[in-house]
There are 6 protein chains.
Amino acid sequence: MEKTGIFAGNGHVRDIVRLALSEDIGTGDVTTAFVVPAGMRASGRIVAKQAGVVAGLPVVRMVFAELDPAITFRNLVEDGQAVQPGQVVAELEGPAAPLLTGERAALNFLMHMSGIATGARAFAARLEGTGARLLDTRKTTPGNRVLEKYAVQAGGAFNHRMNLAGGVLIKNNHIAVCGGVRAAVLAASAKSPVTLKIEIEVRTLDEAVEAAQAGADMLLLDHMTPSMAREVRDRVGGSILLEVSGNMTPDKAASYADCGVDFVSAGVVTYGAGWLDFSMYLDLEGGAQNAG
Amino acid sequence: MEKTGIFAGNGHVRDIVRLALSEDIGTGDVTTAFVVPAGMRASGRIVAKQAGVVAGLPVVRMVFAELDPAITFRNLVEDGQAVQPGQVVAELEGPAAPLLTGERAALNFLMHMSGIATGARAFAARLEGTGARLLDTRKTTPGNRVLEKYAVQAGGAFNHRMNLAGGVLIKNNHIAVCGGVRAAVLAASAKSPVTLKIEIEVRTLDEAVEAAQAGADMLLLDHMTPSMAREVRDRVGGSILLEVSGNMTPDKAASYADCGVDFVSAGVVTYGAGWLDFSMYLDLEGGAQNAG
Amino acid sequence: MEKTGIFAGNGHVRDIVRLALSEDIGTGDVTTAFVVPAGMRASGRIVAKQAGVVAGLPVVRMVFAELDPAITFRNLVEDGQAVQPGQVVAELEGPAAPLLTGERAALNFLMHMSGIATGARAFAARLEGTGARLLDTRKTTPGNRVLEKYAVQAGGAFNHRMNLAGGVLIKNNHIAVCGGVRAAVLAASAKSPVTLKIEIEVRTLDEAVEAAQAGADMLLLDHMTPSMAREVRDRVGGSILLEVSGNMTPDKAASYADCGVDFVSAGVVTYGAGWLDFSMYLDLEGGAQNAG
Amino acid sequence: MEKTGIFAGNGHVRDIVRLALSEDIGTGDVTTAFVVPAGMRASGRIVAKQAGVVAGLPVVRMVFAELDPAITFRNLVEDGQAVQPGQVVAELEGPAAPLLTGERAALNFLMHMSGIATGARAFAARLEGTGARLLDTRKTTPGNRVLEKYAVQAGGAFNHRMNLAGGVLIKNNHIAVCGGVRAAVLAASAKSPVTLKIEIEVRTLDEAVEAAQAGADMLLLDHMTPSMAREVRDRVGGSILLEVSGNMTPDKAASYADCGVDFVSAGVVTYGAGWLDFSMYLDLEGGAQNAG
Amino acid sequence: MEKTGIFAGNGHVRDIVRLALSEDIGTGDVTTAFVVPAGMRASGRIVAKQAGVVAGLPVVRMVFAELDPAITFRNLVEDGQAVQPGQVVAELEGPAAPLLTGERAALNFLMHMSGIATGARAFAARLEGTGARLLDTRKTTPGNRVLEKYAVQAGGAFNHRMNLAGGVLIKNNHIAVCGGVRAAVLAASAKSPVTLKIEIEVRTLDEAVEAAQAGADMLLLDHMTPSMAREVRDRVGGSILLEVSGNMTPDKAASYADCGVDFVSAGVVTYGAGWLDFSMYLDLEGGAQNAG
Amino acid sequence: MEKTGIFAGNGHVRDIVRLALSEDIGTGDVTTAFVVPAGMRASGRIVAKQAGVVAGLPVVRMVFAELDPAITFRNLVEDGQAVQPGQVVAELEGPAAPLLTGERAALNFLMHMSGIATGARAFAARLEGTGARLLDTRKTTPGNRVLEKYAVQAGGAFNHRMNLAGGVLIKNNHIAVCGGVRAAVLAASAKSPVTLKIEIEVRTLDEAVEAAQAGADMLLLDHMTPSMAREVRDRVGGSILLEVSGNMTPDKAASYADCGVDFVSAGVVTYGAGWLDFSMYLDLEGGAQNAG
């Protein structure tokens, strides 16, 4: 059974999959161990219970491969696809015991990630037709960063930096340390890996101009009004990328998009998402029941 | 600096703290590394931006202790306490660089856990005065099981089993394997660690009676109507604990509580919780700014 | 080759298997590396040298699977089965080098666990026909908890809590902290996961009664005489489970069983067990020798 | 608190300490968490209950340092010292909760290792006055190799190779692969790290001579009779070290020692040792009770 | 003792430090264990034996902190500083045993990293006064990526992407997959985190123009002649960053720099560096000797 | 796909392979993820670009097996074999994405190790026909100890101790602690595992004689002149092994060899080696390009 696919060699994903299993299995699944015969086999179906966008099927595959390489997994849809209630998204076959043991851990990944993808798609839909793209932030659930940002993509939105190594973002404290916008941009440019863009948070039009002239690649307009954002766009847009952020809602995002900014970022896309409901049904040598 | 407190020796908590830091720091925080001077010190305050119940301060302490043992941390409130917007919940002091680097990871824990505690308290309030207690489930975010269940407690609700080793719960598939309720209870009782209660999912009054007679300690009444639950209570209650579950809302929970069940369980307490907003403010040798 | 079976996803078992290999292999098996040709294959048999109860064959499988997935393993008996001297319990086939390298680590697991199973069966035999069951304790060899308790089961005895998360056990220090038996039981009941039984150590009949009335599920009668145990049984037995412990021997256990207690626990079942002797014989492309 | 001492930087010891804690704490010590107040402090004494040789106090220190660096530990005796029943071997002081939580894991190390040291001393005493030294083997409990061999030393016996990287030991299978004793010694000598001795298992006097002539440093006389061993000694002793092994008892060892061999090895020194009994007593802000 | 400094929270650095110690200590430092008394203390000096640029002192600190937190470490120079033969770069004090045990692992880091810093400075000196900067590559020693790139910086050169997540670099195979330069740039831009620059490898002037028009941020001119590089610069320079690479030497780099490219990258800066010699001298309660 | 071969069960090798992948992949290979279609397959060839001795092919195999077990790997030469420019050393086949992602990590191992093997062979050639063997030291790149020493062997030189557990080596500081050569040898002999040789560093003929009489197995003649070495050889050679070290070059080594010492050790064999150039070429469903 293929173990990894899109997440091949990704240590963060491997670690969270193992952590999810070890925290749920502990010293052993006592119910399954003492109730399910050793040789029994089963086949299963994972079924959507709500309409939404699926994300996380490769992680479900990894959960069961980690538990028992003898389990086979076949996904019927791809991550990013819309599903309807009742739709089968994946089929499994193998020894009954690990299928029962792994069900909850697998569904926790799938429901959490699909919830994010579903929410991201709805939010991003409000920006369609504008030139602005919806971005996520680093407000993600501990240990789930890579998976949540992957789900944002599956939903049709875009990723801001993956972590503190994936982009320079100079915030107010950093500016204060350096004594000003220009000095901060120069300090960061002088040393950072040259493959990373330099972004800086600005609060006024003057700061925006100063940052652009110092060679920043991108501005973070934090809690600016749409009209201020438009003013910045008119002055420095085109030569520099513009991102707005601050307690974003789809409506606010749309109004910023109308101002011509490049990006609207919203932490709520990850931390505010609900779960999308899925169930797993097992056939144990004949009968079909919900394992949930 | 004390490193662990309530989570002393808890490998799951240590692992998720390390994973959260490694996924956010990656090959290094390029902004801080090249902008903040090596010797600079700072002091910080973590401040609530919304009203709610705080949970996660010991984890914030662990995050910063893991980053740099030279950071001191002092909490001004205890987990489980209600806080108001603007209230300072903790103070930190130490080298500026790790305080900036660790801020997001620390707040992600605190906002996520406090969101769960806040939601749990509101939900549990609906059961006050009844004899029923609100329970969580295993529908938790991967890697965060121990912390989310801890937050549920901080909010005033209660924990169902921590994982598959922390209680026997015989579900429909297990019953099917054994050929019946009685056989399943006996199989599990014969072998499970004797310190665990035996719980079984039942769908009818007859099954409830059969389970009680077989020696089960607890029944899971899955998707039963309140009137059915009351019937079960009248027949076997007292001799056996009763739990109801199934797409629970506070209103539904209250109506079940009125039927005299012991426990109402609700996955939404963990997976459906929003985040409670906190900010961290840093004074860098004189100036005060939001590090966020 | 199936990797895990009964221990699928069990992080504790995976960790001790890896630790056992890494501590024995270190920077490499110098003898095998420089003496055994790369392409050589071998087949092997694991043979009992003493009569006893086998336990640990799935771990032997894991050891070799971890070393080299190309090795095939077939067990001829199941854990828990009695074996006679000379009886072949498993056959292996694959590259010669990892078979030689893994032999000692694999046998160390098998001999240690089978020794426990063998001793547990002999001890438990003394309780046959009584209503009492033999329990293990947490006096286990570091890192081997799950495997030793599994071996106790294979031998026909039963498991007390797996660890500090697998049951509430209120000891004298805890009682002292709370100021009494009743207060301690209530404190623990108020907060513990509801799927765990509440057990408390008592030293007198009065304490036993107080604990039962406070709602404890189980009493630990520590170093009580059989006649005191009988008195407790007569007073609270039936409504609460009774466990006796304290430097237990088969003879003492039998005398307690006669008093009608439910459980007799004995740390000696794990820490006092000897090893059951096994050898591994290898055929290296023709010849047969003891690899030991 | 000093964390490591004799085991500084030893990854194997660090791993088994962490594994022992994580397997015993799991998702958390529910009894202590809900019964012991957060701020309570305690002091403790570890007391011998039997006469024997102590080994493992530095590991006890590591267990509590890993749990909570705020705990202080002071040993009153050194590993390798004989103790009497009632003798205090160490004192601890710190937060009450981690002292209670860590007690069992700490004592499991101490009782297991002290049991080995005690047995090794008794066994080695039989060889006093002879020129022979008692050696251990690789028959050790999984994950505990370094600690068990350390305990053997503390008892006054000696270590054979620590693992497969710590010495060349050519056994029958290796000889068969090479086609003879001489060829096997030459193959191993040609490639092994030059800091390791070359030892080879021989069954006859001729093989012993052949091995000595081929340049082996040490012979393993497996299951030879004392008279055969003497014959080998007379022929090649002095130019090469001689070790005898095979179901060794103190009496058999003494008879081999009389034949003038250099080493007698006995797996039973590690796998056959019992535990030496210790208790830990805690004073919780005034009262003194056995925490066990 | 401060444990981390510049590498606070960096999991990669923590891992390689632990791996370096565990591979060198194995089951224990037998010489020190049996020769150095437990309580002996020592003080040490690390001294440069050659002229060069120092890098790695914070890692030396981490090595000894990991071994024993009781060791104090004080650096007399900072990474990036030039040192002369005989110059003391750091002083240590603490228990003698871990100072002896950790010496080799610590010096291996320091000599390797200082060798890279020294070579990078010499190479970079050839580009002084030009507008071009010297970059490293991903040709680094396994497990040492972060440290080697840090040493490159300490030497005065600059970092290309830290890893495959730290920048988009479209190579020939990727172009072939997409069917052309323009398609490849658009595919990567559509999905990559927006904080990363898009770089693409081009072989002709036409490809360079096509890439610039498609919106790439940076071009990799692989094995182009200086005159071709100049042509590309004249055509698209200014609007896009230009990097040249390919078996670079200082002389070749200088000739490219004269063509006005922005970056010259050279794998040899990391993989081709020698070691800079340092020794550690210890005073063991009076005497001073080279511990090496 | 066979995963391990010669390094089966070697935890150090497994760790450095995983660390090399995780440091290079980070949160994911953004270029490949967004440019290469999920189902695309590829075949590859690894080709030597320089003449030299190959070492590391089993590690290349492990890198790709770790990334994706569906990749097949076939080596056309064995480690230790001489290769010519243009010679294909291995072929791979499998999913295109992990082949692209793993290329750099795999080649970094192969080029580094082959560089060491190539250098070792050239150095060792100078000692051919003498009785002396070339040894490596512990001056190895952090985390790469086992692989670098393996490469030394592949090149035809020999290994000194693998780590501090693989041999006793008494240096000047140890001697000073003990108060003399004789005392130090006796202290080490009294306690070390009996399978390890005892080596001691000596600076004079008198010390050499004293060490030999005390029972040392091997002398390290540090920075002695060839004539002093010859004097030592004449006095104690034959009864004890002689090693010379100290800023060794092939010429110096040859002159020592002429004096009749047994071993010449040279750290430069590992730390001074360059890389041997290899490229990987991929055919992506039809086209052939350099993936480099």
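The following exercises, each with a worked solution, concern a predicted model of several protein chains.

**Exercise 1. Characterise the interface of chain A and chain B by its extent, its polar links and its composition.**

Step 1. The extent is considered at the outset. Chain A and chain B bury about 5600 Å² between them, and 63% of that area lies on carbon and sulfur atoms. Each side is then counted: 68 residues come from chain A and 68 residues from chain B.

Step 2. The charged and polar links follow. Four salt bridges are found across the interface of chain A and chain B. One that can be inspected is between the side chains of Arg145(A) and Asp24(B), with an N to O distance of 2.8 Å. Between these two chains there are also 28 residue pairs in polar contact.

Step 3. The side belonging to chain A is now broken down. Helix 1 (residues 11-25) of chain A provides the largest share of the side that touches chain B, namely nine residues. By class, this side of chain A has 33 nonpolar, 23 polar and twelve charged residues.

**Exercise 2. Describe the contact of chain C and chain A in the manner of Exercise 1.**

Step 1. Chain C and chain A bury about 980 Å² between them, with 56% of it on carbon and sulfur atoms. Ala8(C), Gly9(C) and Arg14(C) supply 34% of the area that chain C buries against chain A, more than any other three residues. Twelve residues from chain C and ten residues from chain A take part in the contact.

Step 2. One salt bridge is counted between chain C and chain A. Its partners are Glu66(A) and Arg14(C), whose closest N and O atoms are 3.9 Å apart; the pair qualifies because the cut-off is 4 Å. The count of residue pairs in polar contact is one.

Step 3. On the side of chain C that touches chain A, helix 1 (11-25) and helix 5 (145-154) of chain C each supply at least two residues. Helix 1 of chain C gives the most, with three residues. The residues of this side divide into three nonpolar, six polar and three charged.

**Exercise 3. Decide which contacts surround Arg161(A), and whether its nearest opposite charge lies inside or outside salt-bridge range.**

Step 1. Arg161(A) is located in the loop between helix 5 (145-154) and strand 7 (168-170) of chain A. Arg161(A) is buried.

Step 2. The nearest side chain of opposite charge is that of Asp29(B), 5.2 Å away. A salt bridge requires a nitrogen-oxygen distance within 4 Å, so the pair lies outside the range.

Step 3. The side chain of Arg161(A) instead reaches the backbone oxygen of Gly167(A) at 3.0 Å. Beyond its neighbours in sequence, Arg161(A) touches residues of three chains, including Arg138(A), Lys149(A), Thr31(B) and Thr195(E).

**Exercise 4. Determine which residues of helix 8 of chain E are buried and what covers them.**

Step 1. In helix 8 (residues 205-214) of chain E, the buried residues are Glu207(E), Ala208(E), Val209(E), Ala211(E) and Ala214(E).

Step 2. An α-helix has 3.6 residues a turn, so residues three or four places apart point the same way.

Step 3. The cover over the buried residues of helix 8 of chain E includes helix 7 (181-191), strand 8 (198-202), strand 9 (218-222) and helix 9 (226-236) of chain E. Just after helix 8 of chain E, Gly215(E) takes a positive phi of about 100°.

**Exercise 5. State how far apart the nearest C-alpha atoms of chain A and chain D are.**

Solution. Chain A and chain D do not touch, and their nearest C-alpha atoms are 7 Å apart. Chain B and chain F likewise have no contact, with their closest C-alpha atoms 7 Å apart.

Terms used. Residues numbered from 1 in each chain as written. Chains lettered and ligands numbered in written order. Predicted model: local features only at pLDDT ≥ 70, side-chain atom pairs only at ≥ 80, totals over all residues. Heavy atoms only, no water. Helix = DSSP H or I, 4+ residues; strand = E, 2+ residues; numbered from the N terminus. Buried < 20%, exposed > 50% of the residue type's maximum accessible area, 1.4 Å probe, protein only. Lys, Arg positive; Asp, Glu negative; His and termini not counted. Polar contact = N/O pair within 3.5 Å; in protein donor to acceptor, adjacent residues only side chain to side chain. Contact = heavy atoms within 4.5 Å. Buried area = accessible area lost by both parts, 1.4 Å probe. Nonpolar A, V, L, I, M, F, W, Y, C, P; charged D, E, K, R; others polar.
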